[in-house]
Amino acid sequence: MEDEKALCRAVRDTLAAAGYTVDCCGTGPDALDALCAGSYDLVLLDRMLPGMDGLSVLRQARQAGVRTPVLMLTALDAVGDRVAGLDAGADDYLPKPFATEELLARVRALGRRPAQWEDSRQLRRGDLVLQPVGRLLTGPAGVCTLSHRECELLELFLRSPGVTLPRERILLNVWGPDSEVESGNIDNYIHLVRRRLRLVGSRMELVTCRGAGYRLEAIPC
């Protein structure tokens, strides 16, 4: 809708004028990819998005272990709507129409919150805990030890939950730019990591995206 596009442009310009670097997404799937990329300090998420609504985007991101602060924007202002947004994982909820001053104040307030501490010696996503130093993977059904390459591959996906990683990026990050490893080796290690995930009883799964790469996501209950 044109009025929503106009609001998006206005919010973008307001934040940029206040000194923030801003990216915009026009659909729910794009918003989910951006949120799961983990490269943002704060996300403003509209509840009504084409392709996937904001609540679904937020639930999937939180389920994948994303902790980025989220301010939900919506025209739905009933108590039940606000509760639904907060229960889905929003950190704050701002109904439309809103004043520019209040939007900026809420952005500043969320920015002042201390980041959730995450032990640099381990990665937590969904029901998984990976300790890269000891190459230990823990899930609901127990613990297993990974090989060096398995650990590096899984760590890459755990740092990009919900994001489709192309084969070129996997080769670059896990094997390095000067490696002469064949592309087929990726398939072998994807198979091995999938076995490890099943071994520890995880609901996280490496999904094949035909022609695009692979993505780590949680299997629906």
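**How the labels follow from the values**

Modeller: α3 and α4 are roughly parallel to each other. The model is a predicted one.

Biologist: Why are α3 and α4 called roughly parallel?

Modeller: Helix α3 covers residues 54-63 and helix α4 residues 79-88. Their axes cross at roughly 25 degrees and come within 8 Å. Angles under 35 degrees count as roughly parallel. The label for α3 and α4 is therefore roughly parallel.

Biologist: Which residues in α3 and α4 meet?

Modeller: From α3 come L55, L58, R59 and R62. From α4 come A84, G85 and A88. By class, this contact has four nonpolar, one polar and two charged residues.

Biologist: What makes one residue of that contact polar?

Modeller: Gly counts as polar under the class rule, and G85 is in the α4 part of the contact.

Biologist: Why are α6 and α7 called oblique to each other?

Modeller: Helix α6 runs over residues 148-158 and helix α7 over residues 167-175. They pack at about 125 degrees, with axes 10 Å apart. Roughly perpendicular stops at 115 degrees, and roughly antiparallel needs over 145. The angle of about 125 degrees fits neither class. The pair α6 and α7 is therefore oblique. Its crossing is right-handed.

Biologist: Which residues in α6 meet which in α7?

Modeller: R149, E152, L153, L156 and F157 are the α6 side. R169, I170, N173, V174 and W175 are the α7 side. The class count for this contact is six nonpolar, one polar and three charged residues.

Biologist: How many aromatic pairs does the structure hold?

Modeller: One. W175 and Y189 form it.

Biologist: Why is the pair of W175 and Y189 called edge-to-face?

Modeller: A pair of aromatic rings is described by two quantities, the distance of the centres and the angle of the planes. For W175 and Y189, the centres are 5.6 Å apart. The cut-off for a pair is 6.5 Å. The planes of W175 and Y189 make 70 degrees. Planes over 60 degrees apart count as edge-to-face. Both tests are met by W175 and Y189.

Biologist: What does the pair of W175 and Y189 tie together?

Modeller: W175 is in helix α7, Y189 in helix α8 (residues 184-199). The pair therefore ties together parts 14 residues apart in sequence.

Biologist: Is W175 buried or exposed?

Modeller: W175 has a relative accessible area of 14%. Buried means under 20%, so W175 is buried. Y189 has 23%. Partly exposed lies between 20% and 50%, so Y189 is partly exposed.

Biologist: How do you know that E150 is buried?

Modeller: E150 sits in helix α6. Its relative accessible area is 3%, and the limit is 20%. E150 is therefore buried. Beyond residues up to four places away in sequence, E150 touches Y189, L192, V193 and R196.

Biologist: What makes S160 buried?

Modeller: S160 is in the loop between α6 and α7. Its relative accessible area is 6%, which is under 20%. The result for S160 is buried. Not counting neighbours within four places, S160 contacts C36, L165 and R169.

Biologist: Why is G139 called buried?

Modeller: G139 lies in strand β6 (residues 136-139). The relative accessible area of G139 is 12%. The cut-off is 20%, so G139 is buried. Apart from neighbours within four places, G139 is in contact with D127, L128 and V200.

Biologist: What makes R135 stand out in its backbone?

Modeller: R135 has a positive phi of about 55 degrees and is not a glycine. Most residues other than glycine have a negative phi. R135 is in the loop between β5 (128-131) and β6. With a relative accessible area of 32%, above 20% and below 50%, R135 is partly exposed.

Biologist: Which peptide bond is cis, from K96 to P97 or elsewhere?

Modeller: The bond from K96 to P97 is cis, with omega near -10 degrees. Most peptide bonds are trans. P97 is placed in the loop between β3 (92-95) and α5 (100-112).

Biologist: How many helices and strands are in the protein?

Modeller: Eight helices and nine strands. The C-alpha trace spans about 55 × 35 × 30 Å along its principal axes. Of the 221 residues, 37% count as buried.

Note on methods: Residues are numbered from 1 along each chain as its sequence is written. This is a predicted model: local features need pLDDT of at least 70, side-chain atom pairs count only at pLDDT 80 or more; totals for chains, interfaces and linings use all residues. Side-chain values use heavy atoms; hydrogens and water are left out. Axes are lines fitted to C-alpha atoms, for helices over the stretch in contact, and angles run from 0 to 180 degrees between N-to-C directions. Helices (H or I, at least four residues) and strands (E, at least two) are DSSP runs, numbered from the N terminus. Angles under 35 degrees count as roughly parallel, over 145 as roughly antiparallel, 65 to 115 as roughly perpendicular and the rest as oblique. A crossing is left-handed if the near helix is turned anticlockwise from the far one by less than a right angle, and right-handed if clockwise. Contact means heavy atoms within 4.5 Å. Rings of Phe, Tyr and Trp (its six-membered ring) pair if their centres lie within 6.5 Å; planes under 30 degrees apart count as stacked, over 60 as edge-to-face and the rest as tilted. Buried means under 20% relative accessible area, exposed over 50%, partly exposed in between (1.4 Å probe, protein chains only).
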